Protein chains: 2
Amino acid sequence: MIDFWFSIGSTYSYLSVMRLAEVEAQTGVHFRWRPFNVRAIMIEMDNIPFAKKPAKAAYMWRDIERRAAMYKMVPKLPTPYPLAELERANRVAVIAAAEGWCEAYARGSYRRWFEQGEPAGSEPNLSASIEEAGQQPRRVLRKADSDAANADLAAATEQAKALGIFGSPSFVVDGELFWGDDRLDDAIRWLKQMESGPPD
Amino acid sequence: MIDFWFSIGSTYSYLSVMRLAEVEAQTGVHFRWRPFNVRAIMIEMDNIPFAKKPAKAAYMWRDIERRAAMYKMVPKLPTPYPLAELERANRVAVIAAAEGWCEAYARGSYRRWFEQGEPAGSEPNLSASIEEAGQQPRRVLRKADSDAANADLAAATEQAKALGIFGSPSFVVDGELFWGDDRLDDAIRWLKQMESGPPD
């Protein structure tokens, strides 16, 4: 099993969120979806990769476009960024993970955000993605706007930080950290080696 | 042909510098070595990825260690970082590129820096790497410490910036930019598509 740590709001996480089901089917690897608040960690460590860095931001969109094409995805880029409601999107994701519908919600959120231009975490994306995952928006949003949901997201974020996570997406295989959609193959290789070979 | 833009002083560039000869032999792709001063660009855009970011720095060393193992390289990590003499190392590299011995010099510099712990750009690494490339250190260093060499490195750096380059290593295929050793395969695929298929 691989822990898939991600924040809705991260641009590169689009690639992983949208292809993980297929990777799972092809490799037999099970992924556990672990939402957290990457923005809180990045602000705390003063890691601001794109704002006020136009060359890096331009490259990021072009790189995502090329990588998406490799995976036969069809984003319309650039999409609204950064998200105004990142925290809310991820409070819902933490609830969804606990209740077992995180993947459907995250995929819906990213599809609407990256392919239809509707920011994740805000309406109409938010309620539509909750409904797509088979849930009632009113119930979920009441829960998501509570102090308890806030505390749960903060706790997940502390757990991510304790694992050395500083970006999204991150893959953790038995304590070994792989950062970035482009390290997913490495993470899978690591897991398979761990399962098959003697420890090195 | 792919332009290989790099700065001696970048950690991830170790992976590319050390494997490019083999990649060239396996793929038939020719690489043109284009040294520049990545530090000048990063300072100008306030892009300081590792200093004062211990979680990212720790990950970077571990990630390089794992990627190096994939390529059968044997670095001793962490190695002294950042380099005190980055500019000097790259002034020599610019001269070496003009005179046709850049790859041998860069490989020697990185091998001594990453595998023997001797900082690139400083003695004894500097003169040993120049000699390994078949050159007389006294002649090269006199040239490297001139205003002309300074101007040449600055001009190469301006050219890199104009291409949208903000990090090392970067690969440029007919104006298309790929950043990072982990994008080398994508760059090669891009070149082969360009050469074989109709433009899309």
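Biologist: Is A:Cys102 buried or exposed?

Modeller: Buried means under 20% relative accessible area, exposed over 50%, and partly exposed in between (1.4 Å probe, protein chains only). A:Cys102 has 5% relative accessibility, so it counts as buried. B:Cys102 is buried too, because its relative accessibility is 5%. Keep in mind that this is a predicted model: local features need pLDDT of at least 70, side-chain atom pairs count only at pLDDT 80 or more, and totals for chains, interfaces and linings use all residues. Residues are numbered from 1 along each chain as its sequence is written, chains are lettered from A and ligands numbered from 1 in the order in which they are written, and side-chain values use heavy atoms, with hydrogens and water left out.

Biologist: How many disulfides are there over all chains?

Modeller: A disulfide is a covalent bond between the sulfur atoms of two cysteines. The test here is a pair of cysteine sulfur atoms within 2.5 Å. Searching the whole structure turns up zero.

Biologist: What turn lays chain B on chain A?

Modeller: Copies are superposed by least squares on the C-alpha atoms of residues with pLDDT of at least 70 in both. Here a turn of 180° with a shift of 0.0 Å along the axis does it, at an RMSD of 0.0 Å. The two copies are therefore related as by a two-fold rotation axis. Both copies use the same surface, as 100% of the contact residues of chain B recur in chain A; contact means heavy atoms within 4.5 Å.

Biologist: Which residues does A:Ser10 touch?

Modeller: Leaving out residues up to four places away in sequence, A:Ser10 touches A:Tyr110, A:Trp113, A:Ser168 and A:Pro169. With 10% relative accessibility, A:Ser10 counts as buried.
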